[in-house]
Amino acid sequence: MAGATQDFDAVVIGAGFSGIYMLKSLRDKLGLKVRVYEAGDSVGGTWYWNRYPGARCDSDSYIYCYTWDKQLLQEWEWSERYPEQPEILRYLEHVAQRHDLKRDMVFNTRVTGAEFDEASNLWNVHTDKGDTVTARYLIAAVGSLSETNMPPFKGLEKFKGKWYHTSRFPHTGVDFTAKRVGVVGTGATAVQAIPEIAQQAKQLVVFQRTANYCVPARNGKVDPELAKARKADYDGIVKRIRESFFGQEHYFIPKSALEVSREEREQELDKRWDAGGFAFWLANYQDMFFNQKANDVVADYLKRKIRKTVKDPAVAEKLTPKGYAYGTKRQPLDTNYFETFNKDNVVLVDAKTDGPIEEITEKGIRAGGKEYELDIIVFATGFDAMTGPLKALHLKGRGGRTLDEHWVDGPHTYLGISIAGFPNLFTITGPQSPSVLSNMPVSIEQHVDWITDCIENMRKSGKTTIEPTPQAQEQWVKHVNEIVNMTLMTGANSWYMSANIPGKPRAFLPYLGPEGVGGYRKKCDEVAAKGYEGFELA
Ligand SMILES: Cc1cc2nc3c(=O)[nH]c(=O)nc-3n(C[C@H](O)[C@H](O)[C@H](O)COP(=O)(O)OP(=O)(O)OC[C@H]3O[C@@H](n4cnc5c(N)ncnc54)[C@H](O)[C@@H]3O)c2cc1C
């Protein structure tokens with residue numbers, strides 16, 4: 001129905017790093033009428049929701065920020081190498097304020113469904129407040145890690161104490177003083193939270209399903225001289241991280257871990273261990289992700305560190321990862337994580353050796369036939385990553401087709417930014433884009449810029465719809481899988497492989513391209529330069 005009235009040019013769902021910049025770009029660059037819906041009561045996304053003790057970013061702060069506001073890059077001073085959640089939230093609030101973005105945002109409002117109307121070529125977007133609005137473009141800025149994974153533990157409703165999920169932590173905080181606390185999970189979030197909770201709690205019981213390889217964060221105040229030097233070099237930094245593999249200033253050692261002497265290897269690994277942060281994971285030997293033997297020697301280094309740190313050999317053994325290659329799960333960065341298990345008030349319950357969680361009882365958690373009495377349970381059980389937040393939108397594309405129908409065996413996207421049969425829908429850091437395998441602000445900015453250019457282009461050329469062809473999409477899916485099948489990533493039961501959620505089709509969710517973030521950017525730019533190759537414009 002040509003000429004149907006529309007409420008907005010674009011609806012953006014989510015007001016985290018992605019939604020904030022998407023609104024800025026479409027409204028202030030293209031002059032579009034935009035509405036942002038956000039389920040939380042303010043901006044921030046990840047940094048609005050995840051308020052557990054110890055919550056902080058693992059990317060270095062000088063690159064965990066926007067690069068589009070050059071003046072802000074100069075003005076903003078991060079206090080630490082990895083700022084805590086309140087500081088990152090303050091930063092995002094500041095950006096929203098500074099660019100007067102909140103006037104186009106509606107908070108406390110969840111998008112509950114949206115369908116593409118093939119007659120008007122508009123999206124009808126529904127919210128939990130009962131509103132329906134129409135828009136030409138629908139942009140999912142819903143995040144990759146925003147759909148909480150709360151496993152259906154038997155008996156949870158019986159528990160007489162208090163329980164929390166780390167991604168829905170109370171804004172007022174939780175006082176663990178003199179309490180018996182259980183933490184369920186030992187992923188990146190738990191690794192941050194456990195040492196903090198152990199300092200307050202009377203007793204802490206950690207329930208571990210899979211032991212994790214951790215490397216030290218080595219957090220600290222930012223050296224003012226270093227901060228100054230970085231500010232002077234921001235143009236260079238931005239260029240380098242955009243062209244890099246992981247959106248960070250980390251580069252593989254251009255050698256095999258097996259071709260060097262043991263002494264040389266130990267020295268290189270020591271350097272990365274001492275530097276702290278993602279260097280150990282992302283700037284390691286180039287064959288570490290591909291060759292099991294190369295991986296084994298690097299993993300052995302980390303296993304020795306665990307055995308050296310944890311005093312009780314039986315506990316050290318339980319904390320030593322087994323059965324998957326190093327680096328194939330999200331790398332947790334730790335501050336006194338393994339040391340925490342030397343404390344008298346900390347107990348480790350390992351699913352494999354002590355027995356898995358059987359049920360939640362009135363008094364606590366029963367695992368391996370033993371009941372652990374608790375006042376508070378903290379579930380650090382992560383997310384239904386990447387596809388979860390998109391499926392929760394209950395989208396209907398052409399012919400009323402849903403993502404559940406479309407993604408029976410895992411995600412199918414073109415470039416991770418678009419889906420065949422869902423015209424004018426864009427997914428920022430969507431599945432099969434580098435997303436969670438990158439320093440995310442870099443990938444977010446790349447997608448927002450690409451989407452903005454695409455919409456500008458469509459408007460100039462008088463096109464009303466854009467959608468990928470099924471052929472281009474299937475080629476992309478094949479490419480994503482071919483690449484990851486060359487690595488060790490597929491052998492791990494990780495959330496990257498969708499393995500943290502029973503029944504979720506096993507599929508690798510992000511894109512690990514041969515040239516990483518830099519190569520992916522080039523590919524997206526080429527697609528645009530060739531008149532949006534692989535897309536149909538009408
Ligand atoms: C604990 C933690 C630590 C992290 N550390 C790092 C790090 O060190 N480096 C890094 O690169 N990345 C990190 N990440 C990833 C992080 O999610 C991204 O860096 C970034 O914050 C994502 O921004 P976003 O706007 O895309 O998504 P989010 O920040 O997740 O925001 C999405 C927003 O969409 C809203 N939303 C979702 N669905 C709906 C709906 N249906 N209706 C209305 N609103 C909706 C949500 O409420 C949320 O506010 C971390 C993630 C977590 C959970």
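**Contacts, cores and cavities**

Me: Which residues does Phe176 touch, not counting residues up to four places away in sequence?
Reply: The model is a predicted one. Contact here means heavy atoms within 4.5 Å. With sequence neighbours up to four places away set aside, the residues touched by Phe176 are Pro53, Phe169, Val181, Ile197, Gln200, Ala201, Lys202, Ile376 and Val378.

Me: Is Phe176 buried or exposed?
Reply: Phe176 sits in the loop between strand 7 (162-165) and strand 8. Its relative accessible area is 0%. A residue under 20% counts as buried, so Phe176 is buried.

Me: What distance separates the C-alpha atoms of Phe176 and Ile197?
Reply: Ile197 is among the residues that Phe176 touches. Along the chain the two are 21 residues apart, and their C-alpha atoms are separated by 6.8 Å.

Me: Which residues of helix 5 are buried?
Reply: Helix 5 covers residues 188-200. Of its 13 residues, 10 are buried, so the helix is largely enclosed by the rest of the structure. The buried ones are Ala188, Thr189, Ala190, Val191, Gln192, Ala193, Ile194, Pro195, Ile197 and Ala198.

Me: Which elements do the buried residues of helix 5 pack against?
Reply: Ile197, a contact of Phe176, is one of the buried residues of helix 5. The elements packed against by the buried residues of this helix are strand 8 (180-184), strand 9 (203-208), strand 11 (333-334), helix 12 (337-340), strand 12 (346-350) and strand 16 (376-379).

Me: Where in helix 5 does the kink lie?
Reply: The helix bends by about 30°. The bend comes shortly before the proline Pro195, and the residue at the kink is Ile194.

Me: Which residues does Val349 touch, not counting residues up to four places away in sequence?
Reply: Val349 belongs to strand 12, one of the elements that the buried residues of helix 5 pack against. With 3% relative accessibility, Val349 counts as buried. Outside the four-place window, its contacts are Val205, Val206, Phe207, Gln208, Asp354, Gly355, Ala367 and Tyr372.

Me: Which residues in the largest nonpolar core touch the most other members?
Reply: This core has 105 residues, and those touching the most other members are Tyr91, Ile139, Tyr326 and Trp450. The largest share, 9 residues, is contributed by one element, helix 15 (residues 440-460). Another core, of 31 residues, lies apart from it and has Tyr52, Phe169, Val191 and Tyr337 among its members. For the largest core, then, the names are Tyr91, Ile139, Tyr326 and Trp450.

Me: Which residues does Ile139 touch, not counting residues up to four places away in sequence?
Reply: Ile139 is one of the members of the largest nonpolar core that touch the most others. Beyond four places in sequence, Ile139 touches Ala10, Val11, Val12, Ile13, Met22, Leu26, Phe426, Ile428, Ile451 and Ile455.

Me: How does the lining of the largest cavity divide into nonpolar, polar and charged residues?
Reply: The whole structure holds 3 cavities of 30 Å³ or more, and the largest has about 60 Å³ of space. Its lining consists of Ala140, Val142, Gly143, Ser144, Met386, Leu390, Thr427, Ile428, Thr429, Gly430 and Pro431. Ile428 is also a contact of Ile139. By class, the lining residues are 6 nonpolar, 5 polar and no charged.

Me: Which residues is His99 in contact with, leaving aside neighbours within four places in sequence?
Reply: His99 is in the loop between helix 4 (85-98) and strand 3 (105-106). Its relative accessibility is 15%, so His99 counts as buried. Its contacts outside that window are Lys24, Arg27, Asp28, Trp68 and Asp69.

Me: Which residues is Met105 in contact with, leaving aside neighbours within four places in sequence?
Reply: Met105 is part of strand 3. A relative accessible area of 7% makes Met105 buried. Neighbours within four places aside, Met105 is in contact with Ala15, Ile20, Leu23, Val36 and Val43.

Me: What is the phi of His394?
Reply: His394 lies in the loop between helix 13 (387-391) and strand 17 (395-396). With a relative accessible area of 53%, it is exposed. His394 is not a glycine, yet its phi is positive, near 50°.

Me: How far apart are the C-alpha atoms of Asp223 and Glu80?
Reply: Asp223 is in the loop between strand 10 (215-216) and helix 6 (224-232), and at 41% relative accessibility it counts as partly exposed. Glu80 is 143 residues away along the chain, while the C-alpha separation is 8.8 Å.

How values were computed. Residues numbered from 1 in each chain as written. Predicted model: local features only at pLDDT ≥ 70, side-chain atom pairs only at ≥ 80, totals over all residues. Heavy atoms only, no water. Bend = angle between axes of the 7 residues up to and from the residue. Helix = DSSP H or I, 4+ residues; strand = E, 2+ residues; numbered from the N terminus. Buried < 20%, exposed > 50% of the residue type's maximum accessible area, 1.4 Å probe, protein only. Core = buried A, V, L, I, M, F, W, Y, C linked by side-chain atoms within 4.5 Å. 1 Å grid on protein atoms, 1.4 Å probe; cavity = no way out; pocket = protein on both sides within 12 Å on 5 of 7 lines; lining within 4 Å. Points joined across faces, edges and corners; volume = space filled by probe spheres on them. Nonpolar A, V, L, I, M, F, W, Y, C, P; charged D, E, K, R; others polar.
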